[in-house]
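Trainee: Could you walk me through the part of this model where the chain leaves its opening helical stretch, and then what that stretch packs against? A close look would help.

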Amino acid sequence: MSVTLALTDQDQLTLRIAAWGAVFLMSAAGAAGSAHKAGTEGSIALTSATGLVGHVLAKAPKGVRYGRTVAELADQVLPALTASMNLLRQQDPAEVENFRRTVVVAVEAATRSQKGEPSPAMAEMARKITEALDVA
């Protein structure tokens, strides 16, 4: 029996879109630096998660059409982050903080991939992601 059975396929997709999208947002915000390195570091953090969240985030979302601009991507991802927190609060309250910590670690990993201080755009995107997680 899979530990992800408690979550529907749609629930799992929502969590994946939120978490992987947060990494994509950080990568896009840091495009002036090394977007690839930011994405790689954030992805490693997501796939290193444990518990139910770790099982769900072990796979990136397939077939998702993300926005073409940072604004369009943010319009998809930021609400998905809040929805994911609410969903976990209803389905598996023990995993709420695990999901939040996992996304925050991935965002921090993506930010640290830049040389020196993160750009103002990356810092602002990290703030927006954290805010979306905390709204729930």
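**The end of helix 1 and its packing**

Mentor: G30 is buried, with a relative accessible area of 3%. That is well worth a look in the viewer, keeping in mind that this is a predicted model. You'll find G30 in the loop that links helix 1 to helix 2. From the C-alpha atom of G30 to that of P120 is 9.2 Å, although the two positions lie 90 residues apart along the chain.

Now step back to A28, which is in helix 1. A28 counts as partly exposed because its relative accessibility is 28%, and the partly exposed class runs between 20% and 50%. Its C-alpha atom is 22 Å from that of D134, with the two residues 106 places apart in sequence.

Next, follow helix 1 itself, starting with helix 6. The axes of helix 1 and helix 6 are 8 Å apart, and the packing angle is about 160°. Since angles over 145 degrees go in that class, helix 1 is roughly antiparallel to helix 6. The crossing of helix 1 with helix 6 is right-handed. On the helix 1 side, the contact is made by A22, L25, M26 and A29, and on the helix 6 side by A121, M122, M125, A126 and I129. Sort those residues by class and you get nine nonpolar, no polar and no charged.

Helix 5 is another partner. Helix 1 (residues 9-29) packs on helix 5 (residues 96-112) at about 20°, with 9 Å between the axes. That angle makes helix 1 roughly parallel to helix 5. The pair again has a right-handed crossing. Helix 1 puts L15, A18, A19, A22, V23 and M26 into the contact, and helix 5 answers with F99, V103, A106, V107, A110 and T111. The class count for this contact is eleven nonpolar, one polar and no charged residues. So which residues beyond its sequence neighbours does V103 touch? Setting aside anything within four places in sequence, V103 is in contact with A19, A22, L81, I129 and L133.

V103 also turns up in the bigger picture. The largest nonpolar core has 42 residues, and the ones touching the most other members are L81, F99, V103 and I129. At least two residues of this core come from each of helix 1, helix 2 (35-47), helix 3 (51-57), helix 4 (70-91), helix 5 and helix 6 (120-135). Helix 1 gives the largest share, ten residues.

Finally, go past the loop to helix 2, which also packs on helix 5. The axes of helix 2 and helix 5 come within 7 Å and cross at roughly 155°, and that angle makes helix 2 roughly antiparallel to helix 5. Helix 2 passes helix 5 in a right-handed crossing. The residues in contact are A38, E41, G42, A45 and L46 from helix 2, with T102, V105, A106, A109 and A110 from helix 5. By class they split into seven nonpolar, two polar and one charged.

How values were computed: Residues are numbered from 1 along each chain as its sequence is written. This is a predicted model: local features need pLDDT of at least 70, side-chain atom pairs count only at pLDDT 80 or more; totals for chains, interfaces and linings use all residues. Side-chain values use heavy atoms; hydrogens and water are left out. Axes are lines fitted to C-alpha atoms, for helices over the stretch in contact, and angles run from 0 to 180 degrees between N-to-C directions. Helices (H or I, at least four residues) and strands (E, at least two) are DSSP runs, numbered from the N terminus. Angles under 35 degrees count as roughly parallel, over 145 as roughly antiparallel, 65 to 115 as roughly perpendicular and the rest as oblique. A crossing is left-handed if the near helix is turned anticlockwise from the far one by less than a right angle, and right-handed if clockwise. Contact means heavy atoms within 4.5 Å. Ala, Val, Leu, Ile, Met, Phe, Trp, Tyr, Cys and Pro count as nonpolar, Asp, Glu, Lys and Arg as charged, and the others, Gly among them, as polar. Buried means under 20% relative accessible area, exposed over 50%, partly exposed in between (1.4 Å probe, protein chains only). A nonpolar core is a set of buried Ala, Val, Leu, Ile, Met, Phe, Trp, Tyr and Cys residues joined through side-chain atoms within 4.5 Å.
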